[in-house]
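Here are a few short exercises to work through with the model open in your viewer. Try each one before you read the solution.

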Amino acid sequence: MLPAQVDYRLTETGASLTHLVKALADWSLAHRAAIAQARQAYDGDHPDNDIR
């Protein structure tokens with residue numbers, strides 16, 4: 001006997017966003033060093049900011 005299974009799928013609307021989400025992920029990976037440097041610079045300029 002097989003255990004109960006659930007099949008999850010995106011709706012058509014959700015699926016229409018996948019290329020945009022992938023493009024954003026690709027962009028963030030390509031720019032991760034610059035993003036890390038910008039975060040470090042911001043943290044240095046705003047030492048009292050609790051958001052990390």
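This is a predicted model, so keep that in mind as you go.

**Exercise 1.** Is Ala30 buried or exposed, and in which helix is its place?

*Solution.* Start with the accessibility: Ala30 has a relative accessible area of 62%. The cut-off for exposed is over 50%, so Ala30 is exposed. Next, look up its element: Ala30 sits in helix H2. As an extra step, pick Asp45 and check the spacing: Ala30 and Asp45 are 15 residues apart in sequence, and their C-alpha atoms are 25 Å apart in space.

**Exercise 2.** Work out which elements make up the chain, and in what order they run.

*Solution.* Count the elements: the chain has three helices and zero strands. Then read from the N terminus on, and you get α-α-α.

**Exercise 3.** Does the helix H3 span agree or disagree with what its 14 residues should give?

*Solution.* Helix H3 covers residues 32–45. At 1.5 Å a residue, its 14 residues should span 20 Å. You take one less than the number of residues for that product. Now compare with the model: the end C-alpha atoms of H3 are 20 Å apart, which agrees.

How many of the 14 residues of H3 are buried? The number is zero, so H3 lies largely in the open. Ala38 is a handy residue to check, since it is found in helix H3. Its relative accessible area is 46%, and partly exposed runs between 20% and 50%, so Ala38 counts as partly exposed. For a sense of distance, the C-alpha atoms of Ala38 and Ala15 are separated by 32 Å, with their positions 23 residues apart along the chain.

**Exercise 4.** Find the salt bridges and say how exposed their partners are.

*Solution.* There are two salt bridges in the structure, so take them one by one.

- Asp7 and Arg9: their side chains meet at 2.6 Å, N to O. Asp7 has 55% relative accessibility and counts as exposed. Arg9, at 72%, counts as exposed too.
- Lys22 and Asp26: here the side chains meet at 2.8 Å, N to O. Both residues lie in helix H2, four residues apart, or about one turn of the helix. Lys22 is exposed at 52% relative accessible area, whereas Asp26, at 38%, is partly exposed.

**Exercise 5.** Which residues form a nonpolar patch on the surface?

*Solution.* Look at Leu17, Leu20 and Val21: they form the patch, and together they have about 280 Å² of accessible area. Now zoom in on Val21, which lies in helix H2, residues 18–30. Its relative accessibility is 55%, so Val21 counts as exposed.

**Exercise 6.** How does the radius of gyration of the chain compare with that of a compact globule of 52 residues?

*Solution.* A compact globule of 52 residues would come in near 10 Å, but the chain has 19 Å. Then check the box along the principal axes: the C-alpha atoms fill roughly 60 × 25 × 20 Å. Burial is the next step, and buried residues make up 2% of the 52 residues. Finish with the surface: the accessible surface of the chain comes to about 5,300 Å², and 60% of that belongs to carbon and sulfur atoms.

Terms used
Residues numbered from 1 in each chain as written. Predicted model: local features only at pLDDT ≥ 70, side-chain atom pairs only at ≥ 80, totals over all residues. Heavy atoms only, no water. Patch = residues over 30% accessible without salt bridge, like charges linked within 9 Å, V, L, I, M, F, W, Y side chains within 5 Å. Areas by Shrake-Rupley, 256 points an atom, 1.4 Å probe, with all protein chains shown as cover. Salt bridge = Lys/Arg side-chain N within 4 Å of Asp/Glu carboxyl O. Helix = DSSP H or I, 4+ residues; strand = E, 2+ residues; numbered from the N terminus. Buried < 20%, exposed > 50% of the residue type's maximum accessible area, 1.4 Å probe, protein only. Rg over C-alpha atoms; globule rule 2.2 N^0.38 Å.
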